Amino acid sequence: MLDAKRRLVEMDRDELNKTFKENHIPFILIAPDQEFHLLPQDLVVEYNNSQYSPPQSLIDETRARIESLTEHSKKEGFTFFDDVLGRVDDVNVHSNKLLLKFSKTSYFHFAALNKGLDLPLSDMSDNTTLRSFLNEDPYDLRSSMLPNPLGVVTSLVLEPENKIVLTIHSNRSFEGSGMMTAPIGGSLSIKEEDLNFSGLPDPFRTIVREANEELGITIRTTDIKFFGLGRDLMTLKPELIGQVSLNLKEKDLLEIQKNRAKDKWEIERQYIAHPEEILKYLSVKNWSPSAWASTFLSVISINRDQG
C-alpha cells in the first residue's frame, strides 16, 4: 500500500523519483527539486521558430515509419493526422521559476521516434532499437535528438466532495490506449488557443483547451497548478504534470460531460472517488506513467491542504 501520509511540501524530487521506481512507474521528475506548486507566474517560456528535423542518419527511417503508421491508420479506420507541437529544447529552474525553452516539432515525428523507441531500426541487421542507437540520458533534454513535444497531464479534483476523477482511455486512442489515466491531457500545440497574448507557448492554456474538449468543462488558468516537469521513460516524452481543482460536484460534472464534451469517445470508463479509494486504483497495472504520477501527487497534495 502506498504511503500517502507525508505532505508533498516535505518531499523532494529524489524521494518522488524513488517512489515512482519502487512502484514500477516508468516516469522521472526533472524539475523542480522541491516546492511542487507551479502557478502561471512561476513559469517562464522562451520560444524560437525553428523546426525540429531528425538526425541525418534517421531521415529515411523516420519517413518509412510515418508511411507505415499512416497506412495502418487507414486499415484500422481512424485518421492519423499531423500537428505542429511545442518541442522542449531545455528546462531550467531560475529564481524559483521554471524556465522552458521551446521550438517546433511535429506529431508525425513524435509518433515515429518517441513512440517508436523500442522498434528495431530497419537498416540494422542485429535488431538494434532506436533507444539503443540513441542511448539518451533522460535527464538531458538539451542534447536530445528526439522530437520531444511537451505533454500536459493533470488530475481533476472536485473540491466540494473532495473527490478525484480517473479515466480509462479508449482503445482507439493513439496515446495511452486502454490505459488508466488522468482525465485532462494532451500535447502543447503551436496554435492560437495554446499561445498566450505575446504569442508564446502556454501549457496552462493547453489544459484549458483539453478540459473543454475532453470533459466539456470551462476552466481558468487559475484553476490549474503544475507539480513539475518530468519524462515518460517509455517514450522519453517531456510531460508537465499537475492538478485542476474545481468547485464542482460529481453529478454536475457528469451532466456537463454528457451535454458538452467533444471528445467523449476518448474515455472508455470513468471513476470518481475519494483520495483513500484512489490509492487502491494506483495499485492497478496498466497506468499511463505521467497520469499515475500526477494522481499520486494530487492525493498527497490534498493531504497537505487538509493538514
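Trainee: Which residues does Ala-112 touch, not counting residues up to four places away in sequence?

Mentor: Thr-62, Arg-65, Ile-66 and Leu-69. A contact here means heavy atoms within 4.5 Å. Before we go on, this is a predicted model: local features need pLDDT of at least 70, side-chain atom pairs count only at pLDDT 80 or more, and totals for chains, interfaces and linings use all residues. Residues are numbered from 1 along each chain as its sequence is written, and side-chain values use heavy atoms, with hydrogens and water left out.

Trainee: Where does Ala-112 sit, and how far is its C-alpha from that of Glu-67?

Mentor: Ala-112 belongs to helix H3, residues 107-114. Its C-alpha lies 9.4 Å from that of Glu-67, although the two residues are 45 apart along the chain. Helices (H or I, at least four residues) and strands (E, at least two) are DSSP runs, numbered from the N terminus.

Trainee: Why is Ala-112 called buried?

Mentor: Buried means under 20% relative accessible area, exposed over 50%, and partly exposed in between, with a 1.4 Å probe and protein chains only. Ala-112 has a relative accessible area of 1%, so it lands in the buried class.

Trainee: What makes H3 largely enclosed by the rest of the structure?

Mentor: Eight of its eight residues are buried, so that description fits H3. Tyr-107, Phe-108 and His-109 are among them. The cover over these residues includes helix H2 (59-76), E3, E4, helix H4 (130-134) and E10.

Trainee: Zooming out, how many helices and strands are there, and why is the protein called as compact as a globular protein of that length?

Mentor: There are eight helices and 11 strands. The radius of gyration is 19 Å, close to the 19 Å that the globule rule gives for 307 residues, so the description holds. That radius is taken over C-alpha atoms, and the rule is 2.2 Å times the number of residues to the power 0.38. The C-alpha trace spans about 55 × 45 × 45 Å along its principal axes, and 54% of the 307 residues count as buried.

Trainee: What share of contacts between residues at least 6 apart in sequence join residues at least 24 apart?

Mentor: That share is 70%.

Trainee: How many aromatic pairs does a search of the whole structure find, and what makes Phe-204 and Phe-226 an edge-to-face one?

Mentor: The search finds six. The ring centres of Phe-204 and Phe-226 are 4.8 Å apart and the planes meet at 65°, so this pair is edge-to-face. It also links distant parts of the chain, with Phe-204 in helix H5 (residues 203-215) and Phe-226 in strand E9 (residues 224-232), 22 residues apart. For the cut-offs, rings of Phe, Tyr and Trp (its six-membered ring) pair if their centres lie within 6.5 Å; planes under 30 degrees apart count as stacked, over 60 as edge-to-face and the rest as tilted.

Trainee: How do you know whether Phe-204 and Phe-226 are buried or exposed?

Mentor: Phe-204 has 3% relative accessibility, so it counts as buried. Phe-226 has 1%, so it counts as buried too.

Trainee: And why is the Trp-292 and Phe-296 pair called stacked?

Mentor: The angle between their planes is 20°, and the centres are 5.4 Å apart. Being four residues apart in helix H8 (residues 289-306), they are separated by about one helical turn. Trp-292 is buried at 1%, and Phe-296 is buried at 2%. These two form one aromatic cluster with Phe-20 and Phe-27.

Trainee: Any backbone oddities? What kind of peptide bond joins Ala-31 and Pro-32?

Mentor: A cis one, with omega about 0°. Pro-32 lies in the loop between strand E1 (27-31) and strand E2 (43-51).

Trainee: What is phi for Ser-95 and for Leu-236?

Mentor: Near 55° for Ser-95, a positive value in a residue other than glycine. For Leu-236 phi is near 60°, again positive in a non-glycine residue. Ser-95 is in the loop between strand E3 (84-94) and strand E4 (97-106), while Leu-236 is in the loop between E9 and strand E10 (237-246).

Trainee: Which of the classes, buried or exposed, does Ser-95 fall into, and which does Leu-236?

Mentor: Ser-95 has a relative accessible area of 57%, so it is exposed. Leu-236 has 6%, so it counts as buried.
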